[in-house]
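Good morning, and thank you for making time for this item. I would ask you to keep the sequence and the structure in view while I speak.

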Amino acid sequence: MRTFLVCTVTLLMVLLELLAGNRHLPLALPVYSAVYFAVVYRKSAGIISAAAAGLIIEAMYGREWMLLTLIFPAVVLLALTSVRKYRRQMPAAPLAAGAVCGATADLGMVLVALLHGGQLPGPDIFSMLIFQIFTGALFMLIFTLLADFLAFKCNLPRFISSGNSKRGIKDV
């Protein structure tokens, strides 16, 4: 069930990222789901999800340098540090992880645009950075609430720490 969920959500986020990217708004949506999977299941599940999403996006755009395959897992690892700091408590951990994801993913997208000679995202770098931080925090919070609701219904582990160690849910 977990493998099916990880694959399905990753592909759905890649599709949404491609739709947003074709409108010149790269949001790095697969990174948020990869952070969720890294916290809930295993760190390796999130890293593999992020790397696969980056590889698919780079292949769809036909780029020679597969930089997103390296940038997305690095963003996941950076976001995990903020989740550890806030001990998976609501709403601080998802908001902090989303803000970190938004900031570092935006800087990675700017790096990709500069190396590939493409168009920079947004009107200028600073306004896009602020936009990515706030929308990333909000998207991660909403995604966490929705995914935790579905995980509760499917009897899977959740992102938000319940403080109940009898159920086997370990903190990151």
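Over residues 164-172, pLDDT stays under 50, and in that stretch the model has 11 contacts beyond four places in sequence. What you are looking at is a predicted model, and I ask you to read those contacts accordingly. For the protein as a whole, the mean pLDDT is 87, with 94% of residues at 70 or more.

Let me turn to the first helix. Helix α1 runs over residues 2-21. With 20 residues at 1.5 Å each, α1 should span 28 Å, and its end C-alpha atoms are indeed 28 Å apart, so expectation and model agree.

Which residues of α1 are buried? They are Val-6, Val-9, Thr-10, Met-13, Val-14, Glu-17, Leu-18, Ala-20 and Gly-21. An α-helix has 3.6 residues a turn, so residues three or four places apart point the same way. The cover over the buried residues of α1 includes α2, at 29-40, and α6, at 125-153, together with α3 and α5. Leu-12, also in helix α1, counts as partly exposed, because its relative accessibility is 45% and the partly exposed class lies between 20% and 50%. Along the chain, Leu-12 and Ser-33 are 21 residues apart, and their C-alpha atoms are separated by 9.9 Å.

I move on to the loop between α1 and α2, where we find Ala-28. Its phi is near 60°, a positive value in a residue other than glycine. Is Ala-28 buried or exposed? Ala-28 is buried, since its relative accessible area is 1%, under the cut-off of 20%. Asn-155, in the segment after α6, likewise has a phi near 60°, positive although the residue is not glycine. Asn-155, however, is exposed, because its relative accessible area of 59% is over 50%.

Next comes the largest pocket. About 400 Å³ of space lies in it. Its lining consists of 16 residues, and those nearest the centre of the pocket are Gly-21, Pro-26, Tyr-61, Arg-63 and Gln-119. Gly-21 also appears among the buried residues of α1. At least two lining residues come from each of α1, α3 (43-61) and α5 (92-116). Which helix gives the largest share of the lining? That is α5, with 4 residues. Sorted by class, the lining has 9 nonpolar, 5 polar and 2 charged residues.

That brings me to α5 and the loop before it. In the loop between α4, at 68-86, and α5 sits Pro-91. The peptide bond from Met-90 to Pro-91 is cis, with omega near -10°.

Within helix α5 I would single out Ala-97. Ala-97 is buried, because its relative accessible area of 0% falls under 20%. What does Ala-97 touch, leaving aside residues up to four places away in sequence? The residues are Val-35, Ala-79, Ser-82 and Val-83. Of these, Val-35 falls within the range of α2, 29-40, while Ala-79, Ser-82 and Val-83 fall within that of α4, 68-86. Ala-97 and Leu-78 are 19 residues apart in sequence, and their C-alpha atoms are 8.5 Å apart in space.

To close, I return to confidence: residues 164-172 are the stretch where pLDDT stays under 50, whereas the mean for the protein is 87. Thank you for your attention.

Methods
Residues numbered from 1 in each chain as written. Predicted model: local features only at pLDDT ≥ 70, side-chain atom pairs only at ≥ 80, totals over all residues. Heavy atoms only, no water. 1 Å grid on protein atoms, 1.4 Å probe; cavity = no way out; pocket = protein on both sides within 12 Å on 5 of 7 lines; lining within 4 Å. Points joined across faces, edges and corners; volume = space filled by probe spheres on them. Nonpolar A, V, L, I, M, F, W, Y, C, P; charged D, E, K, R; others polar. Expected span 1.5 Å × (residues − 1). Buried < 20%, exposed > 50% of the residue type's maximum accessible area, 1.4 Å probe, protein only. Contact = heavy atoms within 4.5 Å. pLDDT = per-residue confidence, 0-100.
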